[in-house]
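Visitor: I have a few short questions about this structure. Could you walk me through it?

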Amino acid sequence: MSMSQQDSSTVREGFPRPFPNTPTNVLEQFRLNGKVVVITGAADGIGYAVAEAMAEASANIAMWYNSNDVAIEKARGLAEAHGIKATAYKVDVSDPEMVQKAIETVAKDFGKIDVFIANAGMAISKPILETTLEEYRKQMSVNVDGVLYCAKYVGEVFHRQGFGNLIITSSMSGHIVNVPVDQPVYNATKAFVTHLGKSLAREWREFARVNVVSPGFFETRMGASPEAINEAYRMAALGRQGHVKEIKGLYLYLASEASTYMTGSDVLIDGGYVLP
Ligand code: NAI
């Protein structure tokens, strides 16, 4: 039963909460000087573009990668170019012990974790009738378990610190069913992490913000396949895939003090793909 006007007139102690002590100048709000940001899947694609964005805004960054050692060189390059600390860590996000250990190591190496960007993901784009159970489990282990392990263990750090900010890379595939290639498992993994993010925004309301980014097709290894590319151009109102430089600003916004009133949001960035 919903509240009566009388019930809702009761003043709750401690409410309203105070406004945050953030700069009023919007460009200052976007600066990340002194902040520590972890990015998973940071060797390439969206993850590297986001790492670059954080470094350009003067954050110190921990770049997690799975197998692509080029992340080590890229971290060195960003550190030199922007006068920040950047370190690469080899972490398979589907391994809970490795994730837990890496989060504690980063917290020790950098002194804290302000922002964690759970971005790593993979897809085996096939109809379920052609998907083996092994292929199903593989996608679940990275896209669902991997995000959950990262959230659980970085959540412990956020709770301990009393502050934190989790950003999850989901997908428009958590909103819509992709055409023309059927990929029900991938779609469902993304729906899971989108709702996980919203649920954590409530659970962690006393100490951390949580938001979700849902990209449409971006031109990376995980962008539109040859079978899907023409449909991707046709479906997107802007008639093309996104370039990774076009997603940097959104992650920076969510990571920064420009978005202090934002939690539990799921932001689509898809060139208008899901409009029709
Ligand atoms: P990508 O293939 O360049 O990046 C995926 C990253 O995840 C890679 O760096 C890969 O090494 C990492 N990864 C995969 N398995 C891992 C594991 N077990 N442990 C640690 N890292 C692992 O592709 P992209 O596009 O940059 O993908 C980034 C995220 O964006 C993914 O979550 C993807 O699902 C999502 N996305 C991408 C879209 C696109 O069109 N490119 C559309 C919607 C969502």
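What follows is a set of questions and answers on a predicted model.

Visitor: What is the strand order of the open sheet of seven strands?
Guide: The model is predicted, so read every answer with that in mind. The sheet is open, and its pairing is parallel. Its seven strands have the order β3-β2-β1-β4-β5-β6-β7.

Visitor: Which strands stand at the edges of the sheet?
Guide: An edge strand here has a single partner strand, so one side is left without a neighbour in the sheet. That describes β3 (86-90) and β7.

Visitor: What is the average twist from one strand to the next?
Guide: The sheet in question is the open one of seven strands. From each strand to the next, the twist averages 15°.

Visitor: Which way do the side chains of β1 point, and are they buried or exposed?
Guide: In a regular strand the side chains alternate between the two faces of the sheet. In β1, Val36 and Val38 point one way, while Val37 and Ile39 point the other way. For all of these residues the answer is buried.

Visitor: Which residue of β2 is the bridge partner of Val36?
Guide: β1 and β2 pair in the parallel sense, over four bridges. The chain gets from β1 to β2 through α3, in a right-handed β-α-β crossover. Across the pair, the partner of Val36 is Asn60.

Visitor: Which residue of β4 stands opposite Val38?
Guide: β1 and β4 run parallel, joined by three bridges. Opposite Val38 in β4 is Phe116.

Visitor: Which residue of β5 does Phe116 stand opposite?
Guide: β4 and β5 run parallel and are joined by four bridges. Together with α6 they make a right-handed β-α-β unit. In β5, the residue opposite Phe116 is Leu166.

Visitor: How many of the residues of β5 are buried?
Guide: Asn165, Ile167 and Thr169 point one way from the strand, and they are buried. Leu166 and Ile168 point the other way, and they are buried too. β5 is largely enclosed by the rest of the structure, because the buried count is five of the five.

Visitor: Over how many bridges do β5 and β6 pair?
Guide: Ile167 stands opposite Asn211 in β6. Ile168 faces Val212, and Thr169 faces Val213. The chain crosses from β5 to β6 through helix α7 (residues 184-203), and the crossover is right-handed. The pairing is parallel, and the number of bridges is five.

Visitor: Why is β6 largely enclosed by the rest of the structure?
Guide: Take one side of the strand: Arg209, Asn211, Val213 and Pro215 are buried. On the other side, Val210, Val212 and Ser214 are buried as well. The strand is largely enclosed because the buried residues number seven of the seven.

Visitor: Which residue in β7 is the bridge partner of Val212?
Guide: β6 and strand β7 (residues 266-269) pair in the parallel sense over four bridges. Within β7, the partner of Val212 is Asp266.

Visitor: At what angle does helix α9 run to β5?
Guide: Helix α9 covers residues 248-255. It lies across β1, β4, β5, β6 and β7. Its angle to β5 is about 155°.

Visitor: Which helix supplies the largest share of the shell around the ligand?
Guide: Two helices, α3 (45-56) and α6 (133-161), each supply at least two residues of the shell. The largest share is three residues, and the helix that gives them is α3.

Visitor: Which residues come nearest to the ligand?
Guide: There are 27 residues around the ligand. Those that come nearest are Gly41, Gly45, Asn66, Ala120 and Gly121.

Visitor: How many residues of the shell around the ligand are charged?
Guide: The shell divides into nonpolar, polar and charged residues. Nonpolar residues number 10 and polar residues 14. The charged residues number three.

Technical notes: Residues are numbered from 1 along each chain as its sequence is written. This is a predicted model: local features need pLDDT of at least 70, side-chain atom pairs count only at pLDDT 80 or more; totals for chains, interfaces and linings use all residues. A residue is buried if 20 or more other C-beta atoms lie within 10 Å of its own, exposed if 12 or fewer, and partly exposed in between; C-beta atoms are placed from the backbone. Two strands pair if DSSP finds at least two bridges between them. A crossover is right-handed if, with the strands pointing away from the viewer, the path from the first strand over the helix to the second runs clockwise. A residue is near a molecule or strand if its C-beta atom, placed from the backbone, lies within 6 Å of it. Ala, Val, Leu, Ile, Met, Phe, Trp, Tyr, Cys and Pro count as nonpolar, Asp, Glu, Lys and Arg as charged, and the others, Gly among them, as polar. Axes are lines fitted to C-alpha atoms, for helices over the stretch in contact, and angles run from 0 to 180 degrees between N-to-C directions. Two residues are in contact if their C-beta atoms, placed from the backbone, lie within 7 Å.
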